[in-house]
Amino acid sequence: MKTAVVTGGASGIGLAIARRLQADGIHVATIDLNPGDGEFAHAADVTDRGAVEAAFTAIRSQLGPITVLVNAAGLDCFKRFTDVSFDRWQKVIDVNLNGVFHTIQAVLPDMVEAGWGRIVNISSSSTHSGAPYMSPYVAAKSAVNGLTKSLALEYGPSGITVNAVPPGFIDTPMLRAAAERGYLGDIDATIAATPVRRIGRPEDIAAACAFLISEEAGYITGQILGVNGGRNT
Ligand code: NAP
């Protein structure tokens, strides 16, 4: 049985991905700041390489080599560019981009050894279009898309696929918190302007991940698979 790690697996999209992969018969461990009570739920800050390595070591001893990684941990940021302090800039880059660097570097030896692996990075639909007042976040998530493409080329010969799923407008605690703070405008108006006429569900992203992780998706790598109800085409 395969072993997957999902970062940000305690909430929203990451939680839905963890549940879906489990339902698909994969051993799933999660990493999050506040991981909850599950047997394979580990506390780690993805920006802390030592904590990531320690969590992966514990997961390997519980579940064996890790050959599936989904990076869903993320941190948003809503500020006019000139109001973004360098500390905030660095923090948003640290969680959304450097966190992905740490987890992928920590897991790749298992995948190379197995001659098989699946990495899915959850980026953001804001990378298609840009997004005002979200510059550090869009910069970090755009870099994740670029990293995805480079690693796909580098590790394809090792049997490892690397893809990104940029979600758009998914009903999660992160989106609800931003909406409550007035950053997203009128949700009903956004739904009315969305081609499929509904808000996205975390399970929509989980379904895309489940496919990209499957055996039959082995010829798909370096791709950015938008899941956004048609808002970005
Ligand atoms: P969410 O419900 O807030 O889930 C994100 C999870 O990541 C939270 O449990 C959070 O923990 C955790 N996390 C944050 N910083 C972390 C760190 N340094 N180390 C470990 N875990 C950390 O948000 P979501 O909407 O499901 O977002 C999942 C991913 O999708 C994110 O990468 C987000 O940027 C991306 N995304 C979401 C949307 C959307 O419409 N919802 C759109 C585009 C992209 P705490 O809650 O304890 O901070």
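**Notebook: helix packing and ligand contacts**

I started with helix 1 (residues 12–23) and helix 8 (residues 202–213), which pack at an angle of about 50° with their axes 8 Å apart. This is a predicted model, where local features need pLDDT of at least 70, side-chain atom pairs count only at pLDDT 80 or more, and totals for chains, interfaces and linings use all residues. Residues are numbered from 1 along each chain as its sequence is written, and side-chain values use heavy atoms, with hydrogens and water left out.

Terms, for my own use: helices are DSSP runs (H or I, at least four residues), numbered from the N terminus, as are strands (E, at least two). Axes are lines fitted to C-alpha atoms, for helices over the stretch in contact, and angles run from 0 to 180 degrees between N-to-C directions.

**Helix 1 and helix 8**

The angle makes helix 1 and helix 8 oblique to each other (under 35 degrees is roughly parallel, over 145 roughly antiparallel, 65 to 115 roughly perpendicular, the rest oblique). Their crossing is right-handed, meaning that the near helix is turned clockwise from the far one by less than a right angle; anticlockwise would be left-handed. I looked up who is in contact (heavy atoms within 4.5 Å): from helix 1, Gly12, Ile13, Ala16, Ile17, Arg20 and Leu21; from helix 8, Pro202, Glu203, Ile205, Ala206, Ala207, Cys209, Ala210 and Ile213. I get eleven nonpolar, one polar and two charged residues in this contact. Ala, Val, Leu, Ile, Met, Phe, Trp, Tyr, Cys and Pro count as nonpolar, Asp, Glu, Lys and Arg as charged, and the others, Gly among them, as polar.

**Helix 3 and its neighbours**

Next I checked helix 2 (residues 49–63) against helix 3 (residues 86–114): the axes come within 9 Å and cross at roughly 35°. That contact splits into five nonpolar, three polar and four charged residues.

Helix 3 and helix 5 (residues 135–155) come within 8 Å, axis to axis, and cross at roughly 20°. That makes helix 3 roughly parallel to helix 5. The crossing of this pair is right-handed. Trp89 and Asn96 are among the helix 3 residues here, with Tyr137 and Lys141 among those of helix 5. The tally is 17 nonpolar, two polar and one charged.

**Ligand**

Which residues come nearest the ligand? Of the 26 around it (a heavy atom within 4 Å), they are Ser11, Ile13, Tyr137, Ile170 and Thr172.

I then noted polar contacts (pairs of N or O atoms within 3.5 Å). A side-chain N or O atom of Lys141 is 2.8 Å from a ligand oxygen. A polar backbone atom of Ile170 is 2.7 Å from an oxygen atom of the ligand. For Val46, a backbone N or O atom lies 3.0 Å from a ligand nitrogen.

Definitions and conventions. Polar contact = N/O pair within 3.5 Å; in protein donor to acceptor, adjacent residues only side chain to side chain.
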